[in-house]
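Please open the structure in your viewer and keep the selection panel at hand. The stops below say what to select next and what is to be found there.

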2 protein chains.
Amino acid sequence: MTFVLVAGSTATATIDGISAAGANPDRTYHTPAADLELVTYGRPVFTDVVPMSPTGCPTPAVITRAVRDLLAFETVAIEAGLTVDTAAPIVQVGDQAGADIREAEAVPDARQIFDRARAVGRTFSNDAVSIGESVPGGTTTALGVLRALGEPYGVSSSLPENPLGRKGAVVDTALEASGIAAGEAAEDPLRAVRLVGDPVMPAVMGVAAGAIDTGVDVTLAGGTQMVAVAALLRHLGVDADLALATTVFVDEDTDDLREATDAFGLDLTVTDPGFETTDHVAMQQYCQGEAKEGVGMGGALALAAESDVSMRDVRGQIESVYGNLTDTGGAIDGA
Amino acid sequence: MTFVLVAGSTATATIDGISAAGANPDRTYHTPAADLELVTYGRPVFTDVVPMSPTGCPTPAVITRAVRDLLAFETVAIEAGLTVDTAAPIVQVGDQAGADIREAEAVPDARQIFDRARAVGRTFSNDAVSIGESVPGGTTTALGVLRALGEPYGVSSSLPENPLGRKGAVVDTALEASGIAAGEAAEDPLRAVRLVGDPVMPAVMGVAAGAIDTGVDVTLAGGTQMVAVAALLRHLGVDADLALATTVFVDEDTDDLREATDAFGLDLTVTDPGFETTDHVAMQQYCQGEAKEGVGMGGALALAAESDVSMRDVRGQIESVYGNLTDTGGAIDGA
């Protein structure tokens, strides 16, 4: 099993009230670079802070790292446009952050990113791959491409109160600015990405398509952003088996998750890490509705659930990862 | 054991008659990116050709990959300034190729590269690290920094007839263009790199220094370029144990190799892979004096010699790697 993390940025995350993946909107640009370092090294290296929500909920990278500590799976990090340097080894398939989707074009090089990521996806020699993402603002761009494809499903949020009205208004503006009607990109999913998506989408699509090309099983490790990627792949004509592994927090926040996974033929796994049994700061906010998913958290927890590692061990290791971060100079952002 | 490969480019390689690390001088820019792909994946991915000398000697990356196939060591690739994209996962510590050393400044950001590489070097959790390089033109820049440091030792060459006169003339011009006399940078080795070195040097220095900081044993896997890096580290005041692992081909091409390793306190290992027993195209040119070293070849062969893998197995695997390259669409450059 190879665990792939695709990281990138979009200016869409800096729209007020959209994303909690950073202490403030500008800090969301640091989050993907830091997430990759946390999963790779267990601590910041080039980056200087641990990404936190405005209320102090730490990034799901802490949870993915904890599971990785226990299961020792191989990770491959892919960059699809960062604005902050990372010390994690990355395969670069894109080199610029996405524009605010309210601009005419959000991801001008969507096709090139897809092609390069597909070449990378074809290199995996293990029999299965889980693909996670780190892209603040990604549920808003997910809503954008779902609408451009003509799909009716909703998206989750990293905020306790999902700002669906705000996201819907941004997407309406985005479609208008791009001169595209809802459903108009149903036959051309990379056009949907180019106009109203983010650069992580074509990278995840490409990695998945490349892995499928060589007979590797693909699990999309994430929530509604990965539902949107699955929709893009289906609209592209990819009809291979696809799985979606997410958290109970996304499931509870998304009324139509099962309708969507049924519609796109996704084998759904929802994992509950039992965070309600602890009041540790790195876990309690998830119970209060923050973060919910990201950095492959749902996929990592699904791997833990399949293994002989208990969720008690996972929670203990999350405390340990968090403790190392706060003990050894990792400044905690925002809280 | 972690096997680190540092790749970068310098315009110095395009000076006529300096480097055989590419079918022609301009192709030397492709070589480091392709070398990383060959060691990582066993084939080109984003790049389109296997680097070859003008006479058809394949890159030493083929040999390092073959040993990696047999020993399954972990690799970490570090970029210190490439002009061609690579699909290998890389930690980027520098982002621009070095200038021709006959310009005033060859590596303006030498200090920053060193600092970032040192942070990466501190992340290694294994007890030993071997560090190789891929930087066409690197023996000429090595001669440059040795002179700037006031060290008298010579360098090897990827060409059968070492163009020492040509290199010496380039270095003389380089020192003059940088306004520095021989020996003048003895107290400031990063100045030597900045003025007449290449970007791979401060990256290797930084990785080595960072690994030493955390008690990890360091082997410089290479020939006279790594002697120059050792000299830079000694002039920087690093007095920890350092090993140098190179090939018999470098040893035979370098009269004063042992004088230099003695002077810098390097524990020298010279490995003979027995290529004279085969007339396979991927090995015979080494016997005819080409390539000699690079991409950590000497370090990889030393690891093979220490293991229970025989040199016969290594030679067999080299044939296999080369065969896969020629069978599966890897165009062979130049030959």
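**Two copies, then one helix**

Begin with both chains of this predicted model: a rotation of 180 degrees, with 0.0 Å of shift along its axis, superposes chain B on chain A at an RMSD of 0.0 Å. That is the relation of a two-fold axis. The same surface serves both copies, since 100% of the contact residues of chain B recur in chain A.

Next, select helix H5 of chain B, residues 164-177, whose 14 residues should span 20 Å at 1.5 Å a residue, and whose end C-alpha atoms are indeed 20 Å apart, so that expectation and model agree. Within H5(B), now highlight B:Lys167, B:Val170, B:Val171, B:Ala174 and B:Leu175, which are buried. These residues cover an arc of only 135 degrees around the axis, and therefore lie on the same side of H5(B).

What covers that buried side? Show helix H4 (138-149) and helix H6 (189-196) of chain B, which are among the elements covering the buried residues of H5(B). Then turn to the face of H5(B) directed away from the buried side, where B:Gly165, B:Asp172 and B:Glu176 are exposed. Just after H5(B), select B:Gly179, which takes a positive phi of about 65 degrees.

For the last stop, select A:Cys57, which has 3% relative accessibility and therefore counts as buried, and then B:Cys57, which counts as buried at 3% relative accessibility. A search of the whole structure, over all chains, finds zero disulfides.

Technical notes: Residues are numbered from 1 along each chain as its sequence is written. Chains are lettered from A and ligands numbered from 1 in the order in which they are written. This is a predicted model: local features need pLDDT of at least 70, side-chain atom pairs count only at pLDDT 80 or more; totals for chains, interfaces and linings use all residues. Side-chain values use heavy atoms; hydrogens and water are left out. A disulfide is a pair of cysteine sulfur atoms within 2.5 Å. Buried means under 20% relative accessible area, exposed over 50%, partly exposed in between (1.4 Å probe, protein chains only). Helices (H or I, at least four residues) and strands (E, at least two) are DSSP runs, numbered from the N terminus. The expected span of a helix is 1.5 Å times one less than its number of residues. The arc is that of the directions from the helix axis to the C-beta atoms. Contact means heavy atoms within 4.5 Å. Copies are superposed by least squares on the C-alpha atoms of residues with pLDDT of at least 70 in both.
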